[in-house]
Amino acid sequence: MSKITSTKSLLAGAISLFFCATAPLAFANNDLPDLGTAAVNTFSLEKETLYGDAYMRVIRSSAPMLNDPVLSQYLTELGNKLVAHATGVKTPFYFFLLRNDEINAFAFFGGHVGVHTGLFLNADNESQIASVLGHEITHVTQRHLARSLEAQDKSSTATIIGMLGAILLTIASPQAGMAALATTQALSTQAKINFTRAHEKEADRIGMQILVDAGFDPNGAADFFAKLATRYRFTSKPPQMLLTHPLPESRITEARYRAAQYPHKYIADNIDFQLAKARIQVRFSSYSEEAALALFDKQLRKRNYTFKNAALYGKALALFRTKHFDEAEEIIDNLLKEDSNNLFYIDTKTDLLVQRKATNEAIAFLKEQHELKPFSQVINTNLAHVYIAADKAAKAIPLLEELIFLDKQNQLPFFLLSDAYKKTGDKAMEHFVNAESMALGADYKGAIDQLNFAYRLSQEKPLQLARIEARIRQFKQAKSAIEALK
């Protein structure tokens, strides 16, 4: 199951919102911290976390975030594998995908690392993707952004605020960010929005050590650098990643030299990377239905693939997209015979069962997997989705509440939980959940409206009324803080 969220743009208020120091809103938690303007004299870890949360809300409201449970779980596991070998980790990390064919990845306060789908489309293997993640992880652990801003401590508070907002806005939306930069005196040149050359060298060096310690090929970085350099050597419009991470020949040479210092050993590619790439190519790229099917037909015909099963999986997804459901299911069934626990195959099998309305079969299939993987985001999200489709929404609610408890930043369980309450006829809770989801996207006005609807529908439930009243006060406080900073 997959779902993409792209709400109306709130970029006009992004810089102001960034300084609204809020903490993640948990569905089961009524606490919302006090809001206020950020002090800029010292960038404590606490402030970095608050800034990161606020900016993450801006991204949810303005960027095409990919709420695909299979890809999210894959990226999170890959990122955490690298973080486990990093030093100086002081905050939790949160990895997320944006649907964008541009080659880019970025990191900002609070351990947030964003990855464009274009990075997968242009990488050849998992080590190349891991090299980029290792680099971005290092920017966080070495606090490069905070250190860059602290270097401007002689500037005025207003200038620092404008600079900070412009930097972060530019990371995710270059055009909007550059417009903000034009009004910020401290950022007279684009070079000042980039990490310093010393920071980039440090991220390359430490990032490669993380890469090697995590069991990846140290040549992944140099190979990916060289591929980008060759492709965009003569272009007048390089990808955003090369604007924020310049790629002179010396950087490629240094990456090759560093990689050569490590003992050579064979690193087998990971089929899950190839499955993730195929999923993005078919579902989340600019390929048309016919082009996606032709791509994997050609790979299979010419045997031009790293893993045949990944090419078959891509073909199955393309067949699903072109409504050739029986052919797609035959391929997926054969793949499951070889690897019955593979989450990519399980997710697509579920989609196929739901498409032909075999919800009871889908529930039995997923419950068996749930016994093996009780905390899997993929299994629990799919099972909740099938329960809702099968008019058994009440059974979906505890699964979705658990997903929200485990990952308070993921909007997809909120969307499904709203559907579940709608199916059960609990309109008050439907509006309450909608409010929490809107708050995650910084839409406090919409959240308050939803809570007012919930309040009117909860007259016979005093505890629920008190809870809603408290939440309304908290959201009004958050909304006022944002408006005061505009």
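This report walks through the overall make-up, the nonpolar cores and one helix pair of a predicted model.

## The big picture

Let's start with the whole chain. The protein chain has 486 residues, and 56% of them are buried. Running through the chain are 24 helices and five strands.

How do the contacts spread along the sequence? Take the contacts with a separation of 6 or more: 68% of them join residues 24 or more positions apart. As for the outside, the accessible surface of the chain is about 21200 Å², and carbon and sulfur atoms account for 52% of that.

## Inside the cores

Now for the interior. The largest nonpolar core holds 105 residues. Which of its members touch the most others? Those are F120, L133, Y313, F344 and L400.

Pick out Y313 for a closer look. Leaving aside residues up to four places away in sequence, Y313 touches L275, A278, R279, I332, L335, F344, Y345 and T348. Apart from this largest core there is another one, made of eleven residues, including M56, F96, L98 and F108.

## Where two helices meet

A278, one of the residues touched by Y313, also turns up in a helix contact. Helix 13 covers residues 271-283 and helix 14 covers residues 289-302. Their axes come within 8 Å and cross at roughly 145 degrees.

Which residues make the contact? From helix 13 come A278, Q281 and V282, and they meet A292, L295 and F296 from helix 14. Sorted by class, that contact has five nonpolar residues, one polar residue and no charged ones.

Definitions and conventions: Residues are numbered from 1 along each chain as its sequence is written. This is a predicted model: local features need pLDDT of at least 70, side-chain atom pairs count only at pLDDT 80 or more; totals for chains, interfaces and linings use all residues. Side-chain values use heavy atoms; hydrogens and water are left out. A nonpolar core is a set of buried Ala, Val, Leu, Ile, Met, Phe, Trp, Tyr and Cys residues joined through side-chain atoms within 4.5 Å. Buried means under 20% relative accessible area, exposed over 50%, partly exposed in between (1.4 Å probe, protein chains only). Contact means heavy atoms within 4.5 Å. Helices (H or I, at least four residues) and strands (E, at least two) are DSSP runs, numbered from the N terminus. Accessible areas come from the Shrake-Rupley method with a 1.4 Å probe; for residues, only the protein chains shown count as cover. Axes are lines fitted to C-alpha atoms, for helices over the stretch in contact, and angles run from 0 to 180 degrees between N-to-C directions. Ala, Val, Leu, Ile, Met, Phe, Trp, Tyr, Cys and Pro count as nonpolar, Asp, Glu, Lys and Arg as charged, and the others, Gly among them, as polar.
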